[in-house]
Amino acid sequence: MSSVQIQCTRCKSVFRDRAGRLQDGYSRQCPTCEVVLFFAEDSQHPFIKRAMRNARKARKEMREAGAARLAAPGPRAAQSRAFAGRTRSAGRED
Ligand SMILES: [Zn+2]
């Protein structure tokens, strides 16, 4: 899982968080000054905007990488083991 850089809007320290979490409505505490940062798509703060943009980009890249992996043909076909059960073998009734 890729992470993105976040810069604290108060103390300006830089830390990282996972791109998958950094979405509209997410909030987290700065590890340095403990202020709670809110991440919203319509945020006006340049630090928040940048972090959101980077997270969106990282998620897109992950999605594309995942899609490429899924599209590749895999040998993992379901091995359906033939059910070799007793099929009317004991049918002698004469
Ligand atoms: Zn801070």
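**Exercise 1.** Is Gln7 buried or exposed, judged by relative accessibility?

*Solution.* The structure is a predicted model.
Step 1. Locate the residue: Gln7 belongs to strand β1.
Step 2. Apply the cut-off: buried means under 20% relative accessible area. Because the relative accessibility of Gln7 is 18%, Gln7 counts as buried.
Step 3. List the surroundings. Leaving aside neighbours within four places in sequence, Gln7 contacts Lys12, Ser13, Val14, Phe47 and Arg50.
Step 4. Examine Lys12 further: its backbone oxygen is 3.0 Å from a polar atom of the Gln7 side chain.

**Exercise 2.** Identify the residues that touch the most other members of the largest nonpolar core, and the elements that supply this core.

*Solution.* Step 1. The core has 15 residues, of which Val4, Ile6, Phe15, Leu22, Leu37 and Phe39 touch the most other members.
Step 2. At least two residues of this core come from each of β1 (3-7), β4 (36-39) and α1 (46-71).
Step 3. Helix α1 contributes the largest share, five residues.
Step 4. Take Phe15 from Step 1. Not counting residues up to four places away in sequence, Phe15 touches Val4, Gln5, Ile6, Cys8, Arg28, Gln29, Cys30, Pro31 and Leu37.

**Exercise 3.** Describe the environment of Phe39.

*Solution.* Step 1. Phe39 is part of strand β4.
Step 2. Its relative accessible area is 1%, so Phe39 is buried.
Step 3. Beyond its neighbours within four places in sequence, Phe39 is in contact with residues including Ile6, Leu22, Tyr26, Arg28, Ile48, Ala51 and Met52.
Step 4. For the pair Phe39 and Arg28, the sequence separation is 11 residues and the C-alpha to C-alpha distance is 8.4 Å.

Definitions and conventions. Residues are numbered from 1 along each chain as its sequence is written. This is a predicted model: local features need pLDDT of at least 70, side-chain atom pairs count only at pLDDT 80 or more; totals for chains, interfaces and linings use all residues. Side-chain values use heavy atoms; hydrogens and water are left out. A nonpolar core is a set of buried Ala, Val, Leu, Ile, Met, Phe, Trp, Tyr and Cys residues joined through side-chain atoms within 4.5 Å. Buried means under 20% relative accessible area, exposed over 50%, partly exposed in between (1.4 Å probe, protein chains only). Helices (H or I, at least four residues) and strands (E, at least two) are DSSP runs, numbered from the N terminus. Contact means heavy atoms within 4.5 Å. A polar contact is a pair of N or O atoms within 3.5 Å; within protein, one must be able to donate a hydrogen and the other to accept it, and residues adjacent in sequence count only if both atoms are side-chain atoms.
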